[in-house]
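The questions below work through one protein chain, from its overall make-up to individual helices, strands and loops. Each answer sets out its reasoning before it gives the value or name requested.

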Amino acid sequence: MTTGRVFRRAVVAALVIAVATSTGASGSPAGLDVARRGQSVQLRQLPTVPAPFAAPRVKWPAAGQVALTFDDGPCAKKTRRTVDVLGDTPATFFVVGGQIRRSTSEVVFTASRGHSIQNHTMDHPRLRGLDGPRILNQLDTTAALIEQHVGVRPTVYRPPYGSTDSRVRAITSTAGWFEAMWNGGAPRMESGASSIIGGVRSQMKRARGANHGLVLLFHDCSGNFGGMIEALPTVISMLRADGWEFVTFG
Ligand SMILES: [Zn+2]
């Protein structure tokens, strides 16, 4: 596994001290008035760092690198079949906490084959619709389940439906998470094998032309599973023939 080397962690410490002062009728800041009276002044920690001040932590493969990712599992039989078809090709599985409870043995099996297990939230909500504590609760409860069953705590999350923005990233980045999006994969959930293969071929060309890394999104438990499984060996062969290096998130 080349995770550590490939995704060299850019540790960005964003320390923001926000001091809110209000101006009273006298024109002097209220905080200073308190200090002059000899009372202790406590700076309250902000519940979330304002978006413009938070350094977003995202992960993306370098040019010439490809990450295969599988969302929404684990689930009975299909996840195991996906892992079997992958063989020695490393991939990242963004798992849902609720699914881990239903199919624990599948996530354990996936990890035992050397794949990276990362975070796709507990209930698969749209994170843009949640406040800070609820977003972090979605990630933390899933992380605890993954750590319990796999023995490694995830560091990367994928927002369900790609529902993210600068506020979501500010909240998750401040808590130490990295966000992972995608730029390819099955064109649609119900895409058949030929559509997937054709789509990935175009995505490879675009990424090469733009000198970008490639993150392919598939689903191992939903959508057209048969089409995905049929396409996967060809997709892997195409990428290998074109010289792409397979990497994982984590
Ligand atoms: Zn999903």
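Helices (H or I, at least four residues) and strands (E, at least two) are DSSP runs, numbered from the N terminus. The model discussed here is predicted.

Q: How many helices and strands does the secondary structure of the chain come to?
A: The chain has 250 residues, of which 38% are buried. Its secondary structure comes to nine helices and eight strands.

Q: Of the contacts in the chain with a separation of 6 or more, what percentage is accounted for by residues 24 or more positions apart?
A: A contact here requires C-beta atoms within 7 Å. Among contacts with a separation of 6 or more, the share from residues 24 or more positions apart is 77%.

Q: Over which residues is the pLDDT below 50?
A: The chain averages a pLDDT of 84, and 78% of the residues score at least 70. One stretch below 50 has 35 contacts in the model beyond near neighbours in sequence, and covers residues 1–38. Another has ten such contacts and covers residues 49–53.

Q: Which residue in the loop between E1 and H3 follows a cis peptide bond?
A: Most peptide bonds are trans. The bond that starts at Gly73 is cis, with omega near 0°. The residue on its other side lies in the loop between E1 and H3 and is Pro74.

Q: Asp72 and Lys77 have a positive phi; which of them is buried and which is exposed?
A: Both residues are found in the loop between E1 and H3. Phi is about 85° for Asp72 and near 70° for Lys77, and neither is a glycine. Asp72 has 22 other C-beta atoms within 10 Å and Lys77 has 11, so the buried residue is Asp72 and the exposed one is Lys77.

Q: Why do the buried residues of H8 line one face of the helix?
A: The buried residues in H8 are Ile196, Val200, Gln203 and Ala207. In an α-helix, residues three or four places apart point the same way because there are 3.6 residues a turn. Seen down the axis of H8, the buried residues line one face because they fall within an arc of 65°.

Q: Which exposed residues are on the face of H8 turned away from its buried side?
A: The buried residues of H8 pack against strand E6 (184–185), E7 and H9. The face turned away from that buried side carries the exposed residues Ser194, Ser202, Lys205, Arg206 and Gly209.

Q: How far does H8 reach from its first C-alpha to its last?
A: H8 has 18 residues, and 26 Å is expected at 1.5 Å a residue. Just after the helix, Asn211 takes a positive phi of about 60°. From first C-alpha to last, H8 reaches 26 Å.

Q: How far apart are the end C-alpha atoms of H9?
A: Helix H9 (residues 225–241) has 17 residues, so at 1.5 Å a residue it should span 24 Å. The distance in the model agrees with this and is 25 Å.

Q: At which residue does H9 bend?
A: The bend is about 35°, and a proline, Pro233, follows within four residues. The buried residues of H9 are Met228, Ala231, Leu232, Val235, Ile236 and Leu239; what covers them includes strand E1 (65–71), helix H3 (78–86), helix H8 (193–210) and strand E7 (214–219). The helix bends at Leu232.

Q: Which residue follows H9 and what is its phi?
A: The residue after H9 has a positive phi. It is Gly243, with phi near 85°.

Q: Which residue in E3 is the bridge partner of Thr92?
A: Strand E2 (residues 92–95) pairs with E3 in the parallel sense over four bridges. In E3 (residues 116–119), Ile117 and Asn119 point one way and Ser116 and Gln118 the other, and all are buried. The bridge partner of Thr92 is Ser116.

Q: How far apart in space are His115 and Thr89, C-alpha to C-alpha?
A: His115 is found in the loop between helix H5 (104–112) and E3, and is buried, with 23 other C-beta atoms within 10 Å. Beyond residues up to four places away in sequence, His115 touches Val83, Pro90, Ala91, Thr92, Phe93 and Thr110. His115 and Thr89 are 26 residues apart in sequence, and their C-alpha distance is 8.8 Å.

Technical notes:
Residues numbered from 1 in each chain as written. Predicted model: local features only at pLDDT ≥ 70, side-chain atom pairs only at ≥ 80, totals over all residues. Buried ≥ 20, exposed ≤ 12 C-beta atoms within 10 Å, placed from the backbone. Pairing = 2+ DSSP bridges. Contact = placed C-beta atoms within 7 Å. pLDDT = per-residue confidence, 0-100. Expected span 1.5 Å × (residues − 1). Bend = angle between axes of the 7 residues up to and from the residue. Arc of directions from axis to C-beta.
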